[in-house]
Amino acid sequence: MNVLKVSALTLGVFVLPALIIYICIVFIPIVVSFYTGMLDWNGIGEAKFVGFDNFHNLLFHDKVFWPAVRRTLLYAVASMIEIPFCLMMAVLLNRYVRKGNTLVSIYFTPVILSVVIIGQLWKTIYNPASLGGMLNQALTTFGLDSWTHTWLSEPKIAIYCIFFVSLWQYFGYHLLIQFTGVQNIPSEIYEAAKIDGADGFKADRYITFPLIVPIFKISIVLAFIGSLQSFDMIWIMTGGGPGNATDVLATYMYKTSFNSQQFGYGSAIASFLVILCLVFTVAINTVMNRVDKKFS
Amino acid sequence: METKAKKALAVAVAGALSLSLAACGSSNNNDNSGSSAGSSPSSSATSSSPASSPAASSPSADSGKKVKLTFQNIYPDPNTPTYKTLHQLIDQYQKDHPNITIELDTLNTDQQKLKLKTQANSKEIPDITMVNPAAQMKPFVDANLFVPLNDMLDQNGLKDTYQSGLLDYYSFNGNTYALPDGNNIEVVYYNKDLFQQAGISAPPTTFDELLADVKALKAKGIIPMAIGEKDTWTGSFIFMNILLRTNGPGFLQDVADGKKTFEDPAFTEAVQRFQDLIQAGAFEDGATSIDADTGRSLFTTGKAAMYMLGTWETGSIDASPVGPKVAAFQFPTVDGKGDVNQFMLAPGTGYAIAANSEHIQEAKDFLNYYCLNFPKVQFENKNAVGLPQKVDGDLKAAGYSDLAISVMDLFSKVNGGDISFDNTMNPAVSQAHLTSLQNLFVQKVDPAQVAKEHQSAYDANKDK
């Protein structure tokens, strides 16, 4: 095992600090949270141990839970679908734009803005025309009155409006990652391929994509896990409302823990989220490794 | 020597790197640590420590020792009179008692509620904190987190200054655990100019008149009633007024006592009438994504004609551009039912002393001084509306506005009422109620269905 040929002491010095911190701030809280999930506890007084009751109610009797799971996964999938577009954009920028960096920096701007600012900004864009909503006013100006909506207050569309903002915000982030990846591919390969007759789309299919798969994978995992934990944007724009129409797992967990003061139940939701994250991380890695092998 | 130094440097750098790597690892692939942290006891200690650790000084019985008291409060806005009152009183007290330092932990209401719950989790409540009455403070009292204040209330006649019955909301088993900072009622503020523009001569006295006025205002392109329904309690506040009319006071208590259920006709009728109000277009479009502050500003900038909330808003409405045009009326009767002199009551937020405090006696002494002088200073600071205590003084002579005086008049008419839903029912039922009502703003629901949702939430959580 010891391929690096270093002493156990050196290994310990380098690995232990990070390991201990990791265990303390990640692993132990997860275990504690699983345990709390088995309590009937308001967070303040005495806790009662109820075994798997919370999990049972959550999975079989909770009317809010499964729709929230569905929205969470929908969002995760939507943000994964965004990545190929980022890659395409990166390829185009790299090929046709002389100073691609400037454009990429501009696309990146929303990422450095705080979610609170973005949320408030888009809230005013989505507002009804009577309150100065830009989107509705624009639609009215173009004579599309029938297309106007109270975007964030209609249960059927509110969640998609929020997703759109999140996707818009993180487009630049993934574009930057992909763009850097594309730029790192040596131009000699393309030149050689050109001589062999592979140009344009063909070059992308057989050169760019196989070489960028590892970077692509990072983006996919980041996008997926990031969206499973999405909370802030939704909290700012609708607070999970109207009703529970825009609740995702994280907001629902927060509401049950802190608003309903059912910390045990909230922890059960948190535990579910942990498992969901783990399962999907493993799944994505497996799929991606296959893709990796196929192309290289 | 030099190589040794280099080695040391290398180790240090490696250490720093590993630290930052750990940070990356936790934030990238394990959301769950972050999200579960909030609800697990082990993490709460870290988030709560700064405010709650009292000074490391020894428990001091003698008055000469240095004592630091932490005072968690909900008055963050320096422009409000209460903020000024608080600072005036504390400065004075520290001057009179040089050995006592009072450290403020100032948060807005929602943050404070959250922080206090987290601190209660690990029994690290600040020496003096603030809680909402009745059902909302019951879990804290049940867990013995507050000290009874009975002895302190008897000092300097503090108890007799409070309005009769008010302390009951903060008392459990004969002990009073917190002292309220206010006592408010809910009224409907209205903009006289906008009413005139819509051709409405007098404020409505029946619910049907209210609906007619809503239509008249809407026809003129005026938002009839401003609300910030993203913060769900605002809608519940209005709904509870209707319930108070259709049923009379004490509905929720009757439910809690098992005498009634949510499927009672009085409740479904209230839901129906509330829905009528929403369907008539009483509230601004997209109300469910508008927060309470934005809702208020719709009214204070003259875009909306009515605004229904507790009388604690009087000061800020007075100070706004529409101030001189505003008056207040009582919530009308509903289908001939109810007494307009019964109000939704908001018995303030109470100051409580933590049982884990190392300086209980000092905290009691301070709070006694603070509460005794609170009404006087508030009166001087033009904030006498909604005080928990009796004050003597001529409002007119002291330069109070007509609005403030008319609101004070309404106070004198109060003939009982109810306190808010979340102060009566436990947090889980309240949350179900708030969500269910918010839903009415975006879709028509059969009142029987709403009643059923309430009842099943109540049945599932009543023992907690």
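Reader: How many residues of chain B are in contact with chain A, and how many of chain A with chain B?

Author: Contact means heavy atoms within 4.5 Å. Here 50 residues of chain B are in contact with 53 residues of chain A. Please keep in mind that this is a predicted model, where local features need pLDDT of at least 70, side-chain atom pairs count only at pLDDT 80 or more, and totals for chains, interfaces and linings use all residues. Residues are numbered from 1 along each chain as its sequence is written, chains are lettered from A and ligands numbered from 1 in the order in which they are written, and side-chain values use heavy atoms, with hydrogens and water left out.

Reader: What is the area buried between chain B and chain A?

Author: Buried area is the accessible area (1.4 Å probe) that two parts lose on being put together, summed over both. For chain B and chain A that comes to about 4100 Å², with carbon and sulfur atoms giving 62%.

Reader: Which residues form the salt bridge between the chains?

Author: A salt bridge is a side-chain nitrogen of Lys or Arg within 4 Å of a carboxyl oxygen of Asp or Glu. The count between chain B and chain A is one: Asp291(B) pairs with Lys123(A), their closest N and O atoms lying 3.9 Å apart.

Reader: Which element gives the most to the side of chain B that touches chain A?

Author: Helices (H or I, at least four residues) and strands (E, at least two) are DSSP runs, numbered from the N terminus. Among the elements that give two or more residues to this side are helix H1 (2-29), helix H5 (109-121) and helix H19 (427-440) of chain B. H1(B) gives the most, with eight residues.

Reader: Where is empty space left, and what lies nearest the centre of the second largest pocket?

Author: Rolling a probe the size of a water molecule over the atoms shows where empty space is left. On a 1 Å grid over the protein atoms alone, a pocket is an open set of points where a 1.4 Å probe fits, with protein on both sides within 12 Å along at least five of seven lines; lining residues have an atom within 4 Å of a point. The second largest pocket is lined by 41 residues, and Asp62(A), Lys63(A), Val64(A), Tyr252(A) and Ala432(B) lie nearest its centre. H20(B) gives the most to this lining, with eight residues.

Reader: How many helices and strands are there in chain A?

Author: Chain A has 12 helices and two strands.
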